[in-house]
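Subject: Structure for you to look at, with notes

Dear colleague,

I am passing on the structure below, and I would be glad if you read the notes that follow with the coordinates open beside them.

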Amino acid sequence: MVRIKKVACKVLSLCNTQNTMERPLFEIQELKTFWRKQNFVFTNEQQFKYDKLIAERQKQVKSFYKDNLVYKA
């Protein structure tokens, strides 16, 4: 029973990490959809959110390179 809980915790933490990593991507895609529908213009609020999400994503990608999680040919 204890072993099952440990495995479940590891799987859940991995899922939570993956969701955290994917969140900016989904929100960026959503903002880009709004951007297209609004004649390729963001509102001030949308622009602020987009800039924040892009910075967060760039930070994630840098951490991937730092932790050697990126395949380098």
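I begin with Phe 42, which touches Leu 31, Trp 35, Gln 47 and Tyr 50 when residues up to four places away in sequence are not counted. Please bear in mind throughout that this is a predicted model. Phe 42 is buried, since its relative accessible area is 16% and the limit for burial is under 20%. Phe 42 also belongs to the largest nonpolar core, whose 5 residues are Ile 28, Leu 31, Phe 42, Tyr 50 and Leu 53. The elements that contribute two or more residues to this core are α1, which runs over 2-37, and α2, which runs over 44-66.

The aromatic side chains deserve a look of their own. Across the whole structure a search finds 3 aromatic pairs. In one of them Trp 35 and Phe 42 are tilted with respect to each other, with 6.4 Å from centre to centre and 40° between the planes. Trp 35 counts as partly exposed, because its relative accessibility is 30%. The rings of Phe 42 and Tyr 50 also form a tilted pair, because their planes stand at 40°, and their centres are 5.1 Å apart. Tyr 50 is buried, with a relative accessible area of 18%. Trp 35, Phe 40, Phe 42 and Tyr 50 together form one aromatic cluster.

Phe 40, a member of that cluster, lies in the loop between α1 and α2. At 53% relative accessibility Phe 40 counts as exposed, and its phi is positive, at about 60°, although the residue is not a glycine. Asn 39 lies in the loop between α1 and α2 as well, and it too has a positive phi without being a glycine, the value being about 55°. With a relative accessibility of 63%, Asn 39 counts as exposed. These backbone angles may be worth checking by eye, because most residues other than glycine have a negative phi. A further positive phi, of about 55°, is found at Asn 68, just after α2.

As for the overall make-up, the secondary structure of the chain comes to 2 helices and 0 strands. For α2 the geometry can be checked against expectation: its 23 residues, at 1.5 Å a residue, should span 33 Å, and the end C-alpha atoms are indeed 33 Å apart, so the two agree. The buried residues in α2 are Gln 46, Tyr 50, Leu 53, Gln 60 and Phe 64. In the chain of 73 residues, buried residues make up 14%. The accessible surface of the chain comes to about 6,600 Å², and 60% of that belongs to carbon and sulfur atoms. Of the contacts between residues at least 6 apart in sequence, 47% join residues at least 24 apart.

The charged side chains form the other part of the picture. How many salt bridges does a search of the whole structure find? The search finds 3, and I take them in turn. The side chains of Glu 27 and Arg 23 meet in a salt bridge with an N to O distance of 2.9 Å. Because Glu 27 and Arg 23 are 4 residues apart in helix α1, about one helical turn separates them. Arg 23, which counts as partly exposed at 37% relative accessibility, also meets the side chain of Glu 56 in a salt bridge, again at 2.9 Å, N to O. Arg 23 lies in helix α1 and Glu 56 in helix α2, so this pair ties together parts that are 33 residues apart in sequence. Glu 56 is partly exposed, with a relative accessibility of 25%.

Lys 49 forms a salt bridge with Glu 27, and here the closest N and O atoms are 3.7 Å apart. This pair likewise links distant parts of the chain, with Lys 49 in helix α2 and Glu 27 in helix α1, 22 residues apart. Lys 49 is partly exposed, its relative accessible area being 39%. Through shared partners, the salt bridges join Arg 23, Glu 27, Lys 49 and Glu 56 into one network.

With best regards

Conventions. Residues numbered from 1 in each chain as written. Predicted model: local features only at pLDDT ≥ 70, side-chain atom pairs only at ≥ 80, totals over all residues. Heavy atoms only, no water. Core = buried A, V, L, I, M, F, W, Y, C linked by side-chain atoms within 4.5 Å. Buried < 20%, exposed > 50% of the residue type's maximum accessible area, 1.4 Å probe, protein only. Contact = heavy atoms within 4.5 Å. Phe/Tyr/Trp six-rings, centres within 6.5 Å; stacked < 30°, edge-to-face > 60°. Expected span 1.5 Å × (residues − 1). Salt bridge = Lys/Arg side-chain N within 4 Å of Asp/Glu carboxyl O. Areas by Shrake-Rupley, 256 points an atom, 1.4 Å probe, with all protein chains shown as cover.
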